[in-house]
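Reader: I have a structure open and would like to go through it. Can we start with the ligand and then move to the cavities?

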Amino acid sequence: MTVLLAGGAGYIGSHTAVELLNAGHEVVIADDYSNSCPEAVNRIEELTGKKVVSYEADVKDAEAVRKIFAENKIDCVIHFAGLKAVGESVQQPVRYYRNNIDTTLTLLECMKEAGVHRFVFSSSATVYGEENKIPYVETMKRGSCSNPYGWTKVMMEEILEDAAKADPELTVVLLRYFNPIGAHESGRIGEDPQGIPNNLMPYIAQVAVGRRDHLTIFGDDYPTPDGTCRRDYIHVMDLADGHVRAVNYAKDAKGVTVFNLGTGTPYSVLDIVHTFEDANGIKIAYEMGPRRAGDLPEFWADSNKATQVLSWEAKRNLQDMCRDTWNWQKQNPNGYRQGLGEDK
Ligand code: NAD
Ligand code: WQD
């Protein structure tokens, strides 16, 4: 199949592109590079030895997206293009709602015009909100979110469900990711946040490489075994494999199907710090700080549905995630950007 990856130059999109190409699919990338670099596309080609058609395009822009559908015979769309910084979404809610929801609407409209019927969506564990019991199962109702970013995911899931209800030809796969970390084992592609990282693993990697002085752990008084929050961290290559299976599944599926993609095993912030240290032989300086607003004490996935329906399971463990993150970071201390001094 030919798969359009909206936001395909980003962290999860670039790893998925490699796995799709390795599985024999063709890949078209549309990205405005608002949170990524064209260099990621070069590296995807380098890793796979295959050509990727790429467009610098804002996928809110219907003209730009129409052109992509006119120039390529797309069989399936994966929608990664979104803004994802939780704290920033509280400061700039309108920008988040505009970007995340408009990209989805534009893609749906242009797909309909072009006769493309398969849509795989980057959703998130955040849609389970604060009310559900753990582990999270796909049959649970969506909960209420503590921030606009989370609400965009809830709203986009609802939009996609309504669209599929009204159009029996439309197939939608909602992939709810838990906490993706790690990098391709080559260290050629990886997570490259702009500015100060919001997420734990890139922050640790930047402390390890000397870009940050120390990690602040947001709270050690949670009702968890060591007092720090627990999450379901998943290797980005396992996540990428989940997308390949979802694309194959979408070929013959009908309606909307939801899959959790997590390992089912929670690890605490301290587990991550100590495993990173053990796996890589590096000390991570850290100090305890106050809780971060909106953080839940712990959650993890029940991913049995993905195992049963997609024959998918996470194969890589936390050591692999920590080793591959460091392999990427040490080879690319400033991510895809050359030189020092660009980040704050
Ligand atoms: P990312 O920022 O690395 O990738 C998103 C890509 O979309 C970037 O390359 C960015 O430049 C592009 N983009 C944003 N708005 C665009 C627009 N209007 N037009 C074209 N391109 C646009 O993020 P990621 O971690 O790869 O996440 C991919 C998707 O997965 C996002 O939708 C995110 O919300 C979702 N998700 C991520 C996580 C996570 O922890 N990384 C967890 C759950 C869900
Ligand atoms: C993990 C743990 C922090 C940074 C977010 C989004 C979620 C999803 C994945 C997209 C927490 C702690 C972090 C630091 C720390 N994204 N931490 N010091 O918050 O579980 O999930 O990314 O959908 O929607 O909310 O991930 O990596 O930010 O935090 O102590 O400098 O690490 O408190 O316990 P989170 P995270």
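Author: What follows covers ligand 2 and then the cavities. This is a predicted model, in which local features need pLDDT of at least 70, side-chain atom pairs count only at pLDDT 80 or more, and totals for chains, interfaces and linings use all residues. Residues are numbered from 1 along each chain as its sequence is written, chains are lettered from A and ligands numbered from 1 in the order in which they are written, and side-chain values use heavy atoms, with hydrogens and water left out.

Reader: How many residues surround ligand 2, and which are the closest?

Author: There are 18 around ligand 2, and the closest are Ser 124, Tyr 149, Arg 231, Arg 292 and Asp 295. A residue counts if one of its heavy atoms lies within 4 Å.

Reader: How far is the polar side-chain atom of Tyr 149 from an oxygen atom of ligand 2?

Author: That distance is 2.5 Å. For Asn 179, a side-chain N or O atom is 3.0 Å from an oxygen atom of ligand 2. Leu 200 uses a backbone N or O atom, at 2.8 Å from a ligand 2 oxygen.

Reader: Ok, cavities. How many of 30 Å³ or more are there?

Author: The structure holds 3. A cavity here is a set of points on a 1 Å grid over the protein atoms alone where a 1.4 Å probe fits but cannot get out. The largest has a volume of about 60 Å³, where volume means the space filled by probe spheres set on the points.

Reader: Which residues line the largest cavity?

Author: Among them are Tyr 11, Glu 191, Met 201 and Trp 328; lining residues have an atom within 4 Å of a point.

Notes:
Polar contact = N/O pair within 3.5 Å; in protein donor to acceptor, adjacent residues only side chain to side chain. 1 Å grid on protein atoms, 1.4 Å probe; cavity = no way out; pocket = protein on both sides within 12 Å on 5 of 7 lines; lining within 4 Å.
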